[in-house]
Amino acid sequence: MADKAEKPDLAWRAIGGLVALGVGFATRKAIEFGWQKATGKKPPADPDSPDIGMAEAIGYAVVTAVGMEVARIVATRAAARRYRAWSARSEAKAIAQAATPKA
């Protein structure tokens, strides 16, 4: 039987998914903005297009991949840290309430 610590609970899965969506969207917009400021051109809409130079297509792919992965790691770690703190407080509160004698 799987240990509870090995299996993430539903709340963490939902939080992680929502964080990933939000961070992914914001990071993509930031990368597009940065690309336009750095190169003076809009990011390639279709890097597979023969109209886009090989160096530009590969450069944009690398910048996008690195930026998205860094943002994912930072956001996931921050969300996990907040979730653990929230979870520990909730657990401590439940233990305290259970230990309090009922009149």
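The following exchange goes through how some labels in this predicted model are justified.

Trainee: What makes up the secondary structure of the chain?

Mentor: The chain has 2 helices and 0 strands. Helix H1 covers residues 10–39, and helix H2 covers residues 54–99.

Trainee: Why is Thr-27 called buried?

Mentor: Thr-27, in helix H1, has a relative accessible area of 13%. Buried means under 20%, so Thr-27 is buried. Leaving aside residues up to four places away in sequence, Thr-27 touches Gly-67, Met-68 and Ala-71.

Trainee: Why does Glu-69 count as partly exposed?

Mentor: The relative accessibility of Glu-69 is 37%. Partly exposed lies between the limits of 20% and 50%, so Glu-69 is given that label. Glu-69 sits in helix H2, and its C-alpha atom is 9.7 Å from that of Thr-27, with the two positions 42 residues apart along the chain.

Trainee: How do you know that Glu-32 and Arg-28 form a salt bridge?

Mentor: Their closest N and O atoms are 3.6 Å apart. The cut-off is within 4 Å, so the pair qualifies as a salt bridge. Both residues lie in helix H1, 4 residues apart, about one turn of the helix.

Trainee: What makes Glu-32 and Lys-29 a salt bridge?

Mentor: The N to O distance is 4.0 Å, and the definition asks for within 4 Å; the pair is therefore listed as a salt bridge. Glu-32 and Lys-29 are 3 residues apart in helix H1, which means a separation of about one helical turn. Arg-28, Lys-29 and Glu-32 are thus linked in a network of salt bridges.

Trainee: Why are Glu-32 and Lys-29 each called partly exposed?

Mentor: Glu-32 has a relative accessible area of 25%, and Lys-29 has 44%. Partly exposed runs between 20% and 50%, so both residues take that label.

Trainee: Which parts of the chain does the salt bridge of Glu-56 and Lys-41 link?

Mentor: The side chains of Glu-56 and Lys-41 meet at 3.2 Å, N to O. This pair links distant parts of the chain, with Glu-56 in helix H2 and Lys-41 in the loop between H1 and H2, 15 residues apart. Lys-41 has 45% relative accessibility, so it counts as partly exposed.

Trainee: Which residues form the nonpolar patch on the surface?

Mentor: The patch consists of Met-54, Ile-58, Val-62, Val-66, Val-70 and Val-74, with about 580 Å² of accessible area together. Patch members need over 30% relative accessible area and, for nonpolar side chains, joining within 5 Å.

Methods:
Residues numbered from 1 in each chain as written. Predicted model: local features only at pLDDT ≥ 70, side-chain atom pairs only at ≥ 80, totals over all residues. Heavy atoms only, no water. Patch = residues over 30% accessible without salt bridge, like charges linked within 9 Å, V, L, I, M, F, W, Y side chains within 5 Å. Areas by Shrake-Rupley, 256 points an atom, 1.4 Å probe, with all protein chains shown as cover. Buried < 20%, exposed > 50% of the residue type's maximum accessible area, 1.4 Å probe, protein only. Contact = heavy atoms within 4.5 Å.
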